Amino acid sequence: NTDISGFDTAIKKLNFKTKGKRILILGAGGVVPSIIIALKKMHVQEIIISNRTREKAENLKVLFNNLEILEWGDLTDFHMIINATSLGLNNETINLDFSSLGRDKLFYDVIYNPQETPFLKMGKQLGNMTENGKTMFVYQALEAFKLWHNMEPKVNTDTFKFLDND
């Protein structure tokens with residue numbers, strides 16, 4: 001699955017050190033299993049899943065050891081939070097209050113269009129580092145291209161500028 005290497009590369013490009021960190025993932029579908037695999041390879045301390053439908057989060061716990069499930073709406077301290085829900089695609093907000101959890105965390109949204117979701121705006125306003133899923137998307141596509149065509153395209157700043165032209 002190329003989402004694993006796409007996410008891994010995106011986090012490495014941020015120079016965010018994940019080893020020994022607590023990671024909170026919002027959502028339990030789609031790309032989340034790939035993110036969990038990547039995070040485990042990055043030697044994170046703990047992965048916490050919170051999903052609007054608890055059953056979907058529990059299904060992930062069957063597949064992966066050592067996941068903590070958190071009720072939607074409850075919060076815990078974390079070093080990095082990942083929005084892997086669809087909330088934000090149409091400018092919907094995630095109605096969770098992160099203001100009491102401190103600063104200097106990474107708010108990561110797998111959504112890359114819009115470039116700054118309400119989730120990322122909130123993270124930035126609270127004094128946190130933010131990043132959307134564009135880098136993950138590009139490096140996932142690069143990996144898929146390599147697999148299908150046995151050649152590696154070049155990724156540079158022009159690649160990202162091209163994607164900024166919505």
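This briefing walks through the fold, the cores and a few individual residues of the chain shown above. The model is predicted. Its secondary structure comes to 6 helices and 6 strands, and from the N terminus on the elements run α-β-α-β-α-β-β-β-α-β-α-α. The chain's radius of gyration is 16 Å, which agrees with the value near 15 Å for a compact globule of 166 residues.

**Overall dimensions and contacts**

- Taken along the principal axes, the C-alpha atoms fill a box of roughly 45 × 35 × 30 Å.
- Of the 166 residues in the chain, 46% are buried.
- Among contacts with a separation of 6 or more, 61% join residues 24 or more positions apart.

**Strands β4, β5 and β6**

- Strand β5 covers residues 106-109. This strand pairs with β4 (residues 80-83) in the parallel sense over 4 bridges, and with β6, again in the parallel sense, over 3 bridges.
- For anyone checking the register, Ile82 stands opposite Tyr108 in β5, while Leu106 has Met129 in β6 as its bridge partner. The path from β5 to β6 passes through α4, and this β-α-β crossover is right-handed.
- In a regular strand, side chains alternate between the two faces of the sheet. In β5, Leu106 and Tyr108 point one way and Phe107 and Asp109 the other way, and all of these residues are buried.

**Nonpolar cores**

- Nonpolar side chains tend to be buried together in soluble globular proteins. Here, the largest nonpolar core has 31 residues, and those with the most contacts inside it are Phe7, Ile25, Leu39, Ile49, Ile82 and Tyr108.
- Elements that each supply at least two residues of this core are α1 (2-13), β1 (22-26), α2 (32-41), β2 (46-51), α3 (54-63), β3 (67-71), β4 and β5. The largest share, 5 residues, comes from α2.
- Another core, of 15 residues, lies apart from this one, and Leu96, Leu101, Leu120 and Met122 are among its members.
- What does Ile82 touch, not counting residues up to four places away in sequence? The list is Phe7, Ile23, Leu24, Ile25, Leu26, Ile35, Leu39, Tyr108 and Val110.

**Helices α2 and α4**

- In α2, the buried residues are Val32, Ser34, Ile35, Ile36, Ala38 and Leu39. Their cover includes α1, β1, β2, α3, β3 and β4.
- After α2 comes His43, whose phi is positive, near 60 degrees.
- In α4, the buried residues are Pro118, Phe119, Leu120, Met122 and Gly123. Elements including β1, β4, β5 and β6 cover them.
- After α4 comes Gly127, and its phi is positive as well, near 90 degrees.

**Asn128 and Lys105**

- Asn128 sits in the loop between α4 (118-125) and β6 (129-131). Is this residue buried or exposed? Its relative accessibility is 7%, so Asn128 counts as buried, the cut-off being under 20%.
- The side chain of Asn128 has polar partners in the backbone: a polar atom of that side chain lies 3.1 Å from the backbone nitrogen of Asp104, and the side chain reaches the backbone nitrogen of Lys105 at 2.8 Å.
- Beyond its neighbours within four places in sequence, Asn128 is in contact with Gly102, Arg103, Asp104, Lys105, Phe107 and Gly123.
- Lys105 belongs to the loop between β4 and β5. With a relative accessible area of 8%, Lys105 is buried too.
- Where does the side chain of Lys105 find a backbone oxygen? One of its polar atoms lies 2.7 Å from the backbone oxygen of Phe78.
- Leaving aside neighbours within four places in sequence, Lys105 is in contact with Asp77, Phe78, His79, Asn128 and Met129.

**His149**

- His149 lies in helix α5, which spans residues 134-149.
- His149 counts as partly exposed because its relative accessibility is 47%, a value in between the 20% limit for buried and the 50% limit for exposed.
- Along the chain, His149 and Tyr139 are 10 residues apart, and their C-alpha atoms are separated by 15 Å.

Key:
Residues are numbered from 1 along each chain as its sequence is written. This is a predicted model: local features need pLDDT of at least 70, side-chain atom pairs count only at pLDDT 80 or more; totals for chains, interfaces and linings use all residues. Side-chain values use heavy atoms; hydrogens and water are left out. Buried means under 20% relative accessible area, exposed over 50%, partly exposed in between (1.4 Å probe, protein chains only). A polar contact is a pair of N or O atoms within 3.5 Å; within protein, one must be able to donate a hydrogen and the other to accept it, and residues adjacent in sequence count only if both atoms are side-chain atoms. Contact means heavy atoms within 4.5 Å. Two strands pair if DSSP finds at least two bridges between them. A crossover is right-handed if, with the strands pointing away from the viewer, the path from the first strand over the helix to the second runs clockwise. A nonpolar core is a set of buried Ala, Val, Leu, Ile, Met, Phe, Trp, Tyr and Cys residues joined through side-chain atoms within 4.5 Å. The radius of gyration is taken over C-alpha atoms; the globule rule is 2.2 Å times the number of residues to the power 0.38.
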